[in-house]
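Trainee: I should like to understand how the terms used for a protein model are justified. May we go through them one by one?

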Amino acid sequence: MENHTKCTQVDGCVDAEVIADKFSQYFSSVYTCNDPDRAEALREEYISKREKYCGLPIVNDLPFDTELVSTVILKLKRGKAADVDGLMAEHLLFCHPMVSVILSKFFRILMITRYIPRGFKCSYIVPIPKMKDFRSRALTCDDFRGIAISPVLSKVFEYCFLERYQSLLTSSENQFGFKKGLGCRNAIHELRSIVDGYTKNGSTVNLCAIDISKAFDKVNHYALLIKLMKRNFPVQLLDLIMNLFSGCISCVKWNTVYSVCFSIDFGVRQGSVLSPVLFALLIDDVSNLCTTVNGGKTCIILYADDILLIAPSVTMLERLLHTCENELDYLDMAINCKKSCCIRIGPRCDVPCATVLSKKGNRILWTKEMRYLGIYIVNSRLFKCNLHYAKRNFYRSANAIFGRIGRLSSEEVILQLIKSKCVPMLIYGLEVCPLRNSDLKALDFVVDRFFMKLFQTCNMEIIRLAQQMFNFVLPSELIAKRANKFLPGSCML
């Protein structure tokens with residue numbers, strides 16, 4: 001099923017070495033600060049605070065024993081790309097058990113010396129196209145996102161670090177990203193609960209989705225260390241994290257060609273284990289900016305770098321936006337106003353209102369629908385989702401599978417692929433969204449339509465019998481089961 005038609009042209013070039021060098025120059029320019037003056041101010045602030053900083057002692061300082069290392073190795077995901085040294089998770093999973101003993105002693109030395117080996121800081125970046133239909137237009141380097149492949153041993157060490165000091169790396173309850181047991185549907189459910197609370201009382205709520213420009217790539221290390229110091233982070237662990245992000249180098253891999261290496265002085269690697277957790281701590285103060293004015297309460301929901309502002313009035317929404325901008329400016333992070341948007345939900349959703357302006361005077365447009373964590377929220381009187389995109393993704397993936405193996409494989413194989421690959425796209429996140437009976441019937445019809453195409457019949461009795469014989473559950477039943485499992489006793493209507 002792999003698509004062999006890969007992207008071969010970038011910026012008008014087809015030579016792999018030239019493209020790799022272009023990406024190298026692009027990513028080296030991305031891993032920089034937004035404002036050099038602000039970056040220098042953060043560095044000076046860190047130096048001044050670090051002189052007299054002592055931090056809290058490490059409570060229950062458990063060593064990195066062999067049991068912990070073995071448990072972490074067993075939980076590593078298989079089938080991932082090899083690192084710079086050619087090591088993969090399978091090498092650790094199937095090697096001699098003595099390796100876990102050696103690694104545990106090695107990790108204890110790192111904790112005592114507060115030193116991170118240079119090999120842990122070497123990675124390579126694989127450019128991935130941001131758009132799905134990348135063959136429909138000429139691509140530039142800006143149309144790719146870089147996924148860093150970190151060393152496997154570094155991942156094991158970071159997993160051990162995260163397991164031992166999880167209590168020191170907690171973030172606000174409003175942050176739903178990269179937390180065990182929480183996911184996108186928890187954030188969507190929280191948003192729906194807040195919106196329903198406004199609309200049931202006859203009020204109109206205003207939403208603003210903020211997009212941070214190159215959020216993970218522009219992280220200022222000194223700002224991160226300052227935030228950790230405000231939490232009284234232990235000095236030993238603070239030095240270890242500082243050493244982990246200093247002196248990092250990387251290169252770009254395009255097909256089988258590697259570019260020249262370049263240093264990374266800003267940002268956190270997206271392939272690192274600690275990066276998302278530390279990023280959540282960096283912007284954790286944003287979640288504490290909620291205010292209550294004249295009985296109206298503002299709310300902020302975060303999922304990693306996706307920030308959603310909720311306010312009962314446009315004025316309060318703009319004030320909340322400016323407050324978030326102040327915090328982000330302090331962290332030397334910038335808002336991309338072109339990718340940010342606002343919508344209104346409630347009885348006055350169609351009433352024209354004033355334009356929301358950022359501190360710098362940039363306009364954030366009001367839209368008819370907003371994409372948030374994979375679902376499309378519609379500007380309406382009640383919380384409502386647009387199912388058109390979910391149906392389109394199902395048809396696209398189902399037709400791709402049917403076009404490849406529709407005449408070669410049996411119905412059992414095709415339907416199993418549809419069940420495992422296409423149906424999750426159709427029902428993603430809908431267990432926490434309000435759906436009418438007409439919406440559920442429309443989702444079921446999408447599956448019925450594929451059965452009609454597969455079995456070449458429009459007789460619904462035959463379609464229902466085929467679904468029963470192949471044990472194919474309709475989307476409406478799957479959504480009901482997921483909703484009851486997520487929130488027992490919930491109602492989809």
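Mentor: Let us begin with a term: a residue is called buried if its relative accessible area is under 20%. In this predicted model, buried residues make up 49% of the 493 residues in the protein chain.

Trainee: How do you know that the radius of gyration of the protein chain agrees with a compact globule?

Mentor: The globule rule is 2.2 Å times the number of residues to the power 0.38. For 493 residues this gives a value near 23 Å, and the protein chain has 25 Å; therefore the two agree. The C-alpha atoms fill a box of roughly 75 × 65 × 50 Å along the principal axes.

Trainee: Why are β3 and β10 said to pair?

Mentor: Two strands pair if there are at least two bridges between them. Strand β3 (residues 205-211) and strand β10 (residues 306-311) are joined by six bridges, so the criterion is met, and the sense is antiparallel. One of the bridges links Asp211 to Asp306 in β10.

Trainee: What makes β9 and β11 edge strands?

Mentor: The open sheet has four strands in the order β9-β10-β3-β11, with antiparallel pairing. Strands β9 (299-303) and β11 (341-345) each pair on one side only, and are the edge strands. From one strand to the next, the twist averages 20 degrees.

Trainee: Which helices lie across β3, β9, β10 and β11?

Mentor: Helix α7 (residues 184-199) does, running at about 165 degrees to β9. Helix α11 (residues 314-330) also lies across these strands, at about 145 degrees to β10.

Technical notes. Residues numbered from 1 in each chain as written. Predicted model: local features only at pLDDT ≥ 70, side-chain atom pairs only at ≥ 80, totals over all residues. Heavy atoms only, no water. Helix = DSSP H or I, 4+ residues; strand = E, 2+ residues; numbered from the N terminus. Axes fitted to C-alpha atoms, helices over the stretch in contact; angles between N-to-C directions. Contact = heavy atoms within 4.5 Å. Buried < 20%, exposed > 50% of the residue type's maximum accessible area, 1.4 Å probe, protein only.
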